[in-house]
Amino acid sequence: MRYGLNILPDGALDFVSLGALVHRIDPGIVPFRKATECQIHVSGGEYNCAANLSDCFRMKAAVVSAMVNYPIGDLVAERVRSVGVRPFYKFFEHDGVTGPNIAAVYSDRGHGVRAPVVFYNRSNEAAARLRPGDFDWKEVFAGGVRWFHSGGIFAALSETTAELIVEGMRAAKAAGAVTSFDLNFREKLWKISGGQHRAVETVARIVENVDVLVGNEEDLQKGLGIPGQDVTAKSRLDPSAFFGMIDRVVKKHPQVKIVATTLREVHTTNRHSWGAVAWINGETYVSPTAELDVLDRVGGGDGFASGFFYGLLNGEPPEEALKLGWAHGALLTTFPGDTTMATVEQVQAFAKGGSARIQR
């Protein structure tokens, strides 16, 4: 047992995520009201980790999600295949007019002093219809799964998605997998599905089954309902607010062995100071700080989580696992889109103190 976790040495799959697949419409630095063209990125807070672990870290990863039989669904499914992620889909038929749909996330990149703007169209979203009983967990876990992951974005979509996460977590624990949950508290999503009171009540039932939590101090306060200091009172790079809450997190959820998050000080849209911290089985770890020239910030947190998970799955020392997450999250902000374009060698080099000197 390492890090307080019992990680299986091997399995048919290293990593399985449960969540909604979405497509992100990205007009770049142009705001939507003036946009004339957009890029399409396939995304999803939970899926991004599987995509990163497969494409960058060369691990065997899968996603459990909803899929819709229409052209947007075809686009999403093709991208999932292209990064080597194995799908377990519940299929829905599109009626040609109202759905159900693959959700759309609209997100420009902002620039300089102008912040990015994010809004959604999750009307009649297929993933929100997912419920317990929709998936054969024996099939998913056949041959062994080492790690199972979900998150707060999927939990907020409907009452049934939260129940499906609980079902999946329990099946994962029964199969011997480590379980993780990214709190990813999104005010806009919870506001239309019961508000913060329901968020705290729902997340608490999920976290009962969780070994590894990802979330900053605001996520811990709003998602877990744990009181903490004003997160704006100190520098965003100061880990004391985060570490100051861990005792309360573990007292409420004693089975949690690891809590980790990124630290980000936003100077302008394209200039961030970037760090990461982790509490691992009673010990605290802090990454170096990097000054980032950000191309696209969306997905950086998932980039951290997936690099961190890779380090843990690979048996790295705790401080090295944290640095791998920190390095991968930093690199991810230099690419367009929500998922990685890095190689594991680039991540390892940056984690060891690599530079931006040209590679010939």
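# Exercises on a predicted model

Asn281 sits in the loop that connects β12 (271-280) with β13 (283-286). The model treated in these exercises is predicted.

## Exercise 1. Asn281 and Asn124

Task: determine in which loops Asn281 and Asn124 are found, and establish the sign of phi and the exposure class of each.

Solution.
Step 1. The loop of Asn281 runs between β12 and β13. Asn124 belongs to the loop between β7 and α3.
Step 2. For Asn281, phi is near 50°, a positive value in a residue other than glycine. For Asn124, phi is likewise positive and near 50°.
Step 3. Partly exposed residues lie between 20% and 50% relative accessible area. Asn281 has 43% relative accessibility and therefore counts as partly exposed. Asn124 has 28%, so this residue also counts as partly exposed.

## Exercise 2. Glu125

Task: decide whether Glu125 is buried or exposed, and list the residues that Glu125 touches beyond four places in sequence.

Solution.
Step 1. Glu125 is placed in the loop between β7 (118-121) and α3 (137-140).
Step 2. Buried means under 20% relative accessible area. Because Glu125 has 4% relative accessibility, it counts as buried.
Step 3. With residues up to four places away in sequence set aside, Glu125 touches Ala20, Val22, Asn101, Ala103 and Leu157.

## Exercise 3. Leu213 in a strand

Task: describe the surroundings of Leu213 and state the C-alpha separation of Leu213 and Val266.

Solution.
Step 1. Leu213 is part of strand β10, which covers residues 212-214.
Step 2. The relative accessibility of Leu213 is 0%, so Leu213 counts as buried.
Step 3. Residues that Leu213 touches, beyond four places in sequence, include Phe181, Leu183, Val207 and Leu224. Val249, Val256, Ile258, Val259 and Ala260 are also among them.
Step 4. Leu213 and Val266 are 53 residues apart along the chain, and their C-alpha atoms are separated by 24 Å.

## Exercise 4. Gly110 and a cis peptide bond

Task: locate Gly110, assign its exposure class, and identify the conformation of the peptide bond from Gly99 to Pro100.

Solution.
Step 1. Gly110 lies in the loop between β6 and β7.
Step 2. Gly110 has a relative accessible area of 1% and is therefore buried.
Step 3. Apart from neighbours within four places in sequence, Gly110 is in contact with Gly28, Ile29, Ala115, Pro116 and Thr269.
Step 4. The C-alpha atoms of Gly110 and Ala51 are 25 Å apart, with their positions 59 residues apart along the chain taken as the sequence separation.
Step 5. Pro100 is located in the loop between β5 (86-93) and β6 (103-107). The bond from Gly99 to Pro100 is cis, and its omega is near 5°.

## Exercise 5. Two C-alpha separations

Task: state the C-alpha separation for the pair Val200 and Leu220 and for the pair Asp238 and Glu265, and place Val200 and Asp238 in the secondary structure.

Solution.
Step 1. Val200 belongs to helix α7, residues 195-207. Asp238 is in the loop between α8 (217-224) and α9 (240-252).
Step 2. Val200 and Leu220 are 20 residues apart along the chain, with C-alpha atoms separated by 9.7 Å. Asp238 and Glu265 are 27 residues apart along the chain, and their C-alpha separation is 9.7 Å.
Step 3. Leaving out residues up to four places away in sequence, Val200 touches Lys222, Gly223, Leu224, Gly225 and Lys252.
Step 4. Asp238 counts as partly exposed because its relative accessibility is 25%.

## Exercise 6. The whole chain

Task: assess whether the radius of gyration agrees with a compact globule or departs from it, and identify where the pLDDT is below 50.

Solution.
Step 1. The chain contains 12 helices and 14 strands.
Step 2. A compact globule of 360 residues would have a radius of gyration near 21 Å; the chain has 19 Å, which agrees. The C-alpha trace spans about 50 × 50 × 45 Å along its principal axes.
Step 3. Of the 360 residues, 57% are buried. Among contacts between residues at least 6 apart in sequence, 72% join residues at least 24 apart.
Step 4. The exposed area is about 15,000 Å², of which carbon and sulfur atoms supply 51%. The mean positions of the 38 positive and 40 negative charges are 2 Å apart.
Step 5. The mean pLDDT is 94, and 96% of residues reach 70 or more. The pLDDT is below 50 over residues 356-360, a stretch with zero contacts in the model beyond near neighbours in sequence. Where pLDDT is low, predicted coordinates should not be read in detail.

Key: Residues are numbered from 1 along each chain as its sequence is written. This is a predicted model: local features need pLDDT of at least 70, side-chain atom pairs count only at pLDDT 80 or more; totals for chains, interfaces and linings use all residues. Side-chain values use heavy atoms; hydrogens and water are left out. Helices (H or I, at least four residues) and strands (E, at least two) are DSSP runs, numbered from the N terminus. The radius of gyration is taken over C-alpha atoms; the globule rule is 2.2 Å times the number of residues to the power 0.38. Buried means under 20% relative accessible area, exposed over 50%, partly exposed in between (1.4 Å probe, protein chains only). Contact means heavy atoms within 4.5 Å. Accessible areas come from the Shrake-Rupley method with a 1.4 Å probe; for residues, only the protein chains shown count as cover. Lys and Arg count as positive and Asp and Glu as negative; His and the chain ends are not counted. The place of a charge is taken as NZ of Lys, CZ of Arg, CG of Asp or CD of Glu. pLDDT is the predictor's confidence in each residue, from 0 to 100.
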